[in-house]
Structure formats: C-alpha cells, structure tokens
Amino acid sequence: MKKLFTSESVTEGHPDKLCDNISDAIVDEIFKADKNARCAVECCAAYDRLLIMGEVTTTAEVDYEKIARETIKRIGYTFGSFAYDKCKIMVAIHTQSSDIAMGVDNSYENKEGGAPEDVLGAGDQGMMFGYACRETEELMPLPISLAHKLAIRLTEVRKSNLLSYLRPDGKTQVTVEYNGKKPVRIDTVVVSAQHDEKILQEQLKEDIKTNVISVLPKELIDGDTKYFINPTGRFEIGGPEGDSGLTGRKIIVDTYGGRCAHGGGAFSGKDPTKVDRSAAYMARYICKNLVAAGLCDEVQLQVAYAIGVSRPVSVFVDTFGTGKLSDSEIADIVTWEFDLRPYSIIEKLGLRASVYLQTAAYGHFGKQGLPWERLDKVQDLKKYLR
C-alpha cells in the first residue's frame, strides 16, 4: 500500500535551536566542574534580547552571559539586532526547589531501605518513548534522517563559505513514499534558507539544489520528486529577529520526526536526574539493541515514572507486528536486561559528562559516538531467540 510520511529538521541557527544550544552549552560547562549539579535551564530569545531562566544547583562558577554570547557567535549571529556582541541578556536563575530535590536525593524506595541504586528518585513524573527501525544504517526512520542530513549540509555550505550569502536560520523537510513499510522514493523536498539581501532567488534555488539537496540518495529521487526552495520568495529576516525562540520547542525534530509517540518532555538544558532526558536516552538505547539483536524489525518503548520514585511505574513495548516474540515477552526481557532506575541509567550511559551540546541540533538520536547509540547488549539479547 502506497503512503507518504514527512519529517522536518532545522539548523542550529533556528531561534528555537539557538536556545537549545545555549541551554546545553551551559549544562556542559557546569558538568565540567560539578558532576552532581542539578540543571533545568531554559532560554527565550526575541528580536534583540535573550532571557536565561531556570533552576541550577551547583558548586561551579558559571558565567551564563559569556557562555550565551560565545554560543551565539559560534552559530553565526555576528550581524543584526541579535548579534552576539549587541543583544541584551538577562539571567534569572535560582536553585532547584527543595521540594523536588527532596524526592530526587532520597527516593521513595530508599526511604523503605532500598539498594544503593534506589537512592535517586525520578526528577519528575511522565512518560518517555524510545524507537528504532531498520530503515537506515543508524536504525532511524528515513524521513528524519534525510531531513537532518539536509539541515547539516545547509550549515556546512554556509560555514565553509561555499554559499557565503547564507545566514544561520534554516529549515528542511522531506516526504518519503512507502510501499507498505519499505521506503521507495523521495516525493517532496522543502528547504528554507536565510540569506542576505544581495542574492537573487533563482541563483539561491540553483545553488541549494546543486550543493545541498544533492546529498540525498540519488536512487530515491526521480522525475516526479517535487522541490520547494524558499517557497515564500524571500528569507532575509531570520533567527530571533524574525521569530521568537524557546528551549525545548522542537521536540519532534529532536527525536524521531513524528514516527512514534512523544511523552511531551523536552531534553535540552536538563541534567540526567530529569528522566525526561535520561530515560528517553535509555529507551532509545534499549530499542536500538532490540532491533540490532533481531528480536524485532521496529519497536517503540514507553517507560513511565512518578516523581521521587526510583523504579518505573510501567514498561510498554509495541513492535508493530514485527516481533519474533510477543510484545509482552519483549517487555519482560527489557525489565530483566535493563535497569531503568535513574541512578543506573546515569551510570550505564555516563550521563554526568559534558555530552549534551552535541545533541542540541540535528537530533538527539542516530549520531555516532553518543553512549545511548551503542550496540553493546546485542549478544545478551540474542539468547532469547534460541
């Protein structure tokens, strides 16, 4: 059965992603000095000003404004009202609520005499999802993988000065046609790239098609593939000058492009006691290893927590009919093979490290080198197929 599915990505200069970058740059800088810090840092950017807000409990000395200006400069806002050396920055940071810290530092189970792994309670209630499938080498859905590839390339041609007229803001979108579950062609490509006032739109469209869209797999493009490049006709005003930005607003770009459910919690700016982030990373790790081990070809995992409680309140698996075992059996395997308590997740994935800035743009999943992308549980899982 023919069907279409679309996913989008944005560049690091998109106003929401700019805020994610600043938030995660702050978390990384704090973790260099204090591995036990608590962070929930959000940013709001609009026109010529930036607000850095949230809760931080740390022994580290943090120059929030300096980190923000360095990040804005790195991304490329050296011009306009939001230039790194001109924008107004306000900081509204206070320590973590003692009511929250009470549950995180001493979990419900620990009060009852639990194991050392029970000490940390979940930093909030909520449900987190993981996902993996066989559509790409990195076991990610093809549409979001291609959308990220375009967004990364859009930034590369700008920063290398190959297309020197480009500016930091940009968006991409790819629609893939499927025959059943198999991707067979790219139906539509959308690229919106911020630019200076000198470039002619026809030249920009030709350059984007030649130097950016050319990274897409040629075998999936045909004569019927549609292209929309700067479809409004002009994109000179971008970044916070054109639209406000907020940390955590691009959660579907951050995850699986809409292919699976999302619990609603954002990732950037948070330390790993926030299960919004750490449990979502663990869920991806589990799903990727399940697929790589051959227990299924596609899987979505939901894990849910209560604030201040260490162990998850539920674990749910859906293999969309691709499981070699029943979904309930695979859910049991997940609980046997993987420790889902926050303390254990943090230790297993090494999350008290400065690993977060590299996730702040172009997705948190499917990237090489991130600890939750390892396939070190495959052999342990294959035994269940015997």
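**Briefing: strands, buried residues and cysteines**

Lys250 is buried, at a relative accessible area of 13% (buried is under 20%, exposed over 50%, partly exposed in between, with a 1.4 Å probe and protein chains only). This is a predicted model: local features need pLDDT of at least 70, side-chain atom pairs count only at pLDDT 80 or more, and totals for chains, interfaces and linings use all residues. Residues are numbered from 1 along each chain as its sequence is written, and side-chain values use heavy atoms, with hydrogens and water left out.

**Lys250 and Asp254**

- Lys250 sits in the loop between strand S9 (245-246) and helix H7. Helices (H or I, at least four residues) and strands (E, at least two) are DSSP runs, numbered from the N terminus.
- Leaving aside residues up to four places away in sequence, Lys250 touches Glu8, Val10, His14, Asp16, Lys17 and Lys171. Contact means heavy atoms within 4.5 Å.
- Asp254 belongs to H7 (residues 251-254).
- Why does Asp254 count as buried? Its relative accessibility is 1%.
- Asp254 touches Lys17, Asp20, Phe267, Gly363, His364 and Phe365, again not counting residues up to four places away in sequence.
- Lys17 is thus on the contact list of Lys250 and on that of Asp254.

**Strand S7 and its partners**

- Strand S7 (residues 182-195) is mostly covered, with twelve of its 14 residues buried.
- Strand S6 (residues 166-179) runs antiparallel to S7, and eleven bridges join them. Two strands pair if DSSP finds at least two bridges between them.
- Asn179 has Lys182 in S7 as its bridge partner.
- S6 and S7 form a hairpin with two residues between them. In the turn, Gly180 has a positive phi of about 70 degrees.
- Strand S8 (residues 226-229) runs parallel to S7, joined by four bridges.
- Which residue of S8 does Val189 stand opposite? The residue is Tyr227.
- S7, helix H6 (residues 201-211) and S8 make up a right-handed β-α-β unit. A crossover is right-handed if, with the strands pointing away from the viewer, the path from the first strand over the helix to the second runs clockwise.

**Three-stranded sheet**

- An open sheet of three strands follows the order S5-S10-S11, with antiparallel pairing.
- Its edge strands are S5 (126-133) and S11 (314-318), each pairing on one side only.
- Neighbouring strands of this sheet are turned by 15 degrees against each other on average, direction ignored. Axes are lines fitted to C-alpha atoms, for helices over the stretch in contact, and angles run from 0 to 180 degrees between N-to-C directions.
- Strand S10 (residues 298-305) pairs with S11 in the antiparallel sense over five bridges.
- One bridge partner in S11 is Val317, which pairs with Leu301.
- Helix H9 (residues 327-337) lies across S10 and S11. H9 runs at about 135 degrees to S11.

**Cysteines**

- How many disulfides does a search of the whole structure find? The search finds zero. A disulfide is a pair of cysteine sulfur atoms within 2.5 Å.
- Cys19 is in no disulfide, and the nearest cysteine sulfur, that of Cys43, is 5.4 Å away.
- Cys43 is likewise in no disulfide, with the sulfur of Cys19 as its nearest cysteine sulfur.
- Cys19 is buried, with a relative accessible area of 0%.
- Cys43 also counts as buried, because its relative accessibility is 0%.
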